[in-house]
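These are my notebook entries on a single structure. I set down what I looked up, topic by topic.

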Amino acid sequence: MPARVRRFAPRDTDAVVALWEECFPDDPARNEPRGVIERKLARDPDLFWVATDGDAVVGALLGGYDGYRGWLYHLAVTAERRGEGIARRLVERAVLELETLGCVKVNLQVRRSNSMVVGLYEAVGFEEFDAFNLGRVIGS
Ligand SMILES: CC(C)(COP(=O)(O)OP(=O)(O)OC[C@H]1O[C@@H](n2cnc3c(N)ncnc32)[C@H](O)[C@@H]1OP(=O)(O)O)[C@@H](O)C(=O)NCCC(=O)NCCS
């Protein structure tokens with residue numbers, strides 16, 4: 001059965017934690033999945049989607065919109081379901097919802113160590129912009 005995309009619901013928490021642990025084993029402590037989900041639900045629960053097949057969560061994507069730019073984070077599809085277009089469907093849903101909110105540009109970051117996924121984002125309409133990418137970690 002093809003996966004469908006819907007908004008994240010709190011009952012998906014354990015499955016998304018497992019998915020992110022599978023897909024992002026080297027994430028820093030600040031991206032600890034339960035903390036990420038808790039903060040997202042407290043701040044802006046709508047821009048968060050899962051791809052499901054029956055009761056199983058097979059993909060997930062976080063978004064954000066601050067009134068100026070939209071952002072995508074933590075796109076993940078479980079290993080055995082890759083290559084079926086699930087990431088594409090998650091990204092298209094996110095872009096559509098961001099556009100509905102008035103968003104005119106969507107950004108995302110890819111770690112250099114994960115540069116092979118740049119091809120995926122190009123396949124779904126993103127292009128590289130020539131800009132420095134800076135961040136500041138708050139706390140330690
Ligand atoms: C990256 C990831 C989400 C892709 O999920 P997926 O469901 O297999 O992707 P899709 O099947 O939707 O692919 C969509 C398109 O991108 C292309 N694509 C997918 N992975 C690609 C890659 N590594 N390089 C180039 N193109 C790629 C597909 O061919 C497809 O193009 P098409 O529709 O024109 O045929 C998945 O591999 C994953 O979870 N990886 C680990 C987590 C990760 O690195 N996430 C990204 C963080 S920035």
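The entries below begin with the sheet and end with a pocket and a few single residues.

**Entry 1: the sheet as a whole**

I first noted that the model is a predicted one. I then looked up how its strands are arranged. I found an open sheet of five strands, in the order β1-β2-β3-β4-β5, and the pairing within it is mixed. I recorded β1 (4-7) and β5 (106-108) as the edge strands; each has a single partner strand, so one side of each is left without a neighbour in the sheet. From one strand to the next, I read an average twist of 30°.

As background, I wrote down that strands of a sheet pair through backbone hydrogen bonds, either parallel or antiparallel.

**Entry 2: from β1 to β2**

I asked how many bridges join β1 to β2. The count is four, and the two strands run antiparallel, with β2 covering residues 48-53. For individual positions, I found R6 opposite V50 in β2, and R7 opposite W49 in β2.

**Entry 3: helices on the sheet**

I next looked up what packs on the sheet. Helix α2, residues 33-43, does so and touches β2 and β3 (56-65). I noted an angle of about 55° between the direction of α2 and that of β3. Helix α3, residues 86-100, also packs on the sheet, and its contacts take in β1, β2, β3, β4 (70-77) and β5. The direction of α3 makes about 160° with that of β4.

**Entry 4: the interior of β2**

Is β2 enclosed or open to the outside? I found that six of its six residues are buried, so β2 is largely enclosed by the rest of the structure. I then sorted its residues by the way they point. F48, V50 and T52 point one way from β2, while W49, A51 and D53 point the other way, and all of these are buried.

**Entry 5: from β2 to β3**

I counted six bridges between β2 and β3, and these strands run antiparallel. Across this pairing, V50 stands opposite A60 in β3, and A51 has G59 of β3 as its bridge partner. I also looked at the hairpin that β2 and β3 form. Two residues lie between the strands, and G54 takes a positive phi near 60° there. As for cover, β3 is mostly covered, with eight of its 10 residues buried.

**Entry 6: from β3 to β4**

I followed the sheet on to β4. Six bridges link β3 and β4 in the antiparallel sense. A60, which I had met opposite V50, also stands opposite A76 in β4. In the hairpin of β3 and β4, I found four residues between the strands and a positive phi near 95° at G67.

**Entry 7: H74**

I looked up H74, which is found in strand β4. Its phi is near 60°, a positive value in a residue other than glycine. I then asked why H74 counts as buried. Its relative accessibility is 18%, and the cut-off for buried is under 20%.

**Entry 8: the second largest pocket**

I turned to empty space in the model. The second largest pocket holds about 990 Å³. Its lining has 27 residues, and L108, Q109, V110, E128 and F129 lie nearest the centre. I asked which elements each supply at least two residues of this lining. They are α3, β5 and α4 (118-123). By type, I recorded 14 nonpolar, five polar and eight charged residues in the lining.

**Entry 9: E128**

From the pocket I picked out E128, one of the residues nearest its centre. E128 belongs to the segment after α4. At 70% relative accessibility, I entered E128 as exposed. I also looked up its separation from K40: their C-alpha atoms are 27 Å apart, with the two positions 88 residues apart along the chain counted as their sequence separation.

**Entry 10: D44**

My last entry concerns D44, which lies in the loop between α2 and β2. Leaving aside neighbours within four places in sequence, I found D44 in contact with G63 and G64. D44 and R88 are 44 residues apart in sequence, and their C-alpha atoms are 23 Å apart in space.

Conventions: Residues are numbered from 1 along each chain as its sequence is written. This is a predicted model: local features need pLDDT of at least 70, side-chain atom pairs count only at pLDDT 80 or more; totals for chains, interfaces and linings use all residues. Side-chain values use heavy atoms; hydrogens and water are left out. Two strands pair if DSSP finds at least two bridges between them. Axes are lines fitted to C-alpha atoms, for helices over the stretch in contact, and angles run from 0 to 180 degrees between N-to-C directions. Contact means heavy atoms within 4.5 Å. On a 1 Å grid over the protein atoms alone, a cavity is a set of points where a 1.4 Å probe fits but cannot get out, and a pocket is an open set with protein on both sides within 12 Å along at least five of seven lines; lining residues have an atom within 4 Å of a point. Grid points are joined across faces, edges and corners, and a volume is the space filled by probe spheres set on the points. Ala, Val, Leu, Ile, Met, Phe, Trp, Tyr, Cys and Pro count as nonpolar, Asp, Glu, Lys and Arg as charged, and the others, Gly among them, as polar. Buried means under 20% relative accessible area, exposed over 50%, partly exposed in between (1.4 Å probe, protein chains only).
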